[in-house]
Amino acid sequence: QVQLVESGGGLVQAGGSLRLSCAASGRTFSSYAMAWFRQAPGKERMFVAAITWRGGRTYYIDSVKGRFTISRDDAKNTVYLEMNSLKPEDTAVYYCAARRSNYYTNLSGYGSRDYDYWGQGTQVTVSS
């Protein structure tokens, strides 16, 4: 079993930055793809970014490219989402997720149904 716990959310003004952390526990994560999703009030949970645990390949949706950076720290079993130049449209509950994969997995084309493990979410609020 894999457990994921997010932290680092909060209130920030537009243009500011936050770093979200996802602490993972359980068996090795070398065969996993990790991702961040977000869900705004009244909207569906949407994919934001993903990373392969072993190889560190990344993928981002267009709206966050150049602003968000997903990364992982193997020693700490933690995945991060560094968010810069935040916009009010980024306001949402952010969720960490994991799915089983292989080294060559695509990172695009996978939605919430494809991920097996989820954290509890952390609120990010961006004021204008």
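This is a short tour of one predicted model, stop by stop, with something to select at each.

Before you click, note that residues are numbered from 1 along each chain as its sequence is written, and that side-chain values use heavy atoms, with hydrogens and water left out. Because the model is predicted, local features need pLDDT of at least 70 and side-chain atom pairs count only at pLDDT 80 or more, while totals for chains, interfaces and linings use all residues.

**Stop 1: the disulfide**

Select C22 and C96. They form a disulfide, with their sulfur atoms 2.1 Å apart (the cut-off is a pair of cysteine sulfur atoms within 2.5 Å). The structure holds one such link. It ties together distant parts of the chain: C22 sits in strand 3 (residues 18-25) and C96 in strand 9, 74 residues apart. Strands here are DSSP runs of E with at least two residues, numbered from the N terminus. Look along the S-S bond and you'll find -80°, a left-handed link. Are these cysteines buried or exposed? C22 is buried at 0% relative accessible area, and C96 is buried at 0% as well. (Buried means under 20% relative accessible area, exposed over 50%, partly exposed in between, with a 1.4 Å probe and protein chains only.)

**Stop 2: strand 4 and its partners**

Now select strand 4, residues 32-39. Seven of its eight residues are buried, so the strand is largely enclosed by the rest of the structure. Add strand 9 (residues 92-100): the two pair in the antiparallel sense over eight bridges. (Two strands pair if DSSP finds at least two bridges between them.) To see one of these bridges, pick A33 and its partner R99.

Next, bring in strand 5, residues 46-52. Strand 5 runs antiparallel to strand 4, joined to it by six bridges. W36 stands opposite A49 here. Follow the hairpin round: six residues lie between the two strands, and among them G42 takes a positive phi near 75°.

**Stop 3: the largest pocket**

Stay with strands 4 and 5, since each supplies at least two residues of the lining of the largest pocket. Which residues should you select for that lining? Take R38, Q39, A40, K43, E44, M46, F47, I61, E89, T91 and A92. By type, they divide into five nonpolar, two polar and four charged. (Ala, Val, Leu, Ile, Met, Phe, Trp, Tyr, Cys and Pro count as nonpolar, Asp, Glu, Lys and Arg as charged, and the others, Gly among them, as polar.) The volume of this pocket is about 180 Å³.

A pocket, on a 1 Å grid over the protein atoms alone, is an open set of points where a 1.4 Å probe fits, with protein on both sides within 12 Å along at least five of seven lines; lining residues have an atom within 4 Å of a point. The volume is the space filled by probe spheres set on the points.

**Stop 4: two loops**

Jump to G8, in the loop between strand 1 (3-7) and strand 2 (10-13). G8 is partly exposed, at 34% relative accessible area. Leaving aside neighbours within four places in sequence, G8 is in contact with L18, R19, L20 and T122 (contact means heavy atoms within 4.5 Å). Put a distance label between the C-alpha atoms of G8 and L81: they are 9.5 Å apart, though 73 residues apart along the chain.

Finish at S30, in the loop between strand 3 and strand 4. S30 is partly exposed too, at 37%. With neighbours within four places set aside again, S30 is in contact with W53 and R54.

Notes:
Helices (H or I, at least four residues) and strands (E, at least two) are DSSP runs, numbered from the N terminus.
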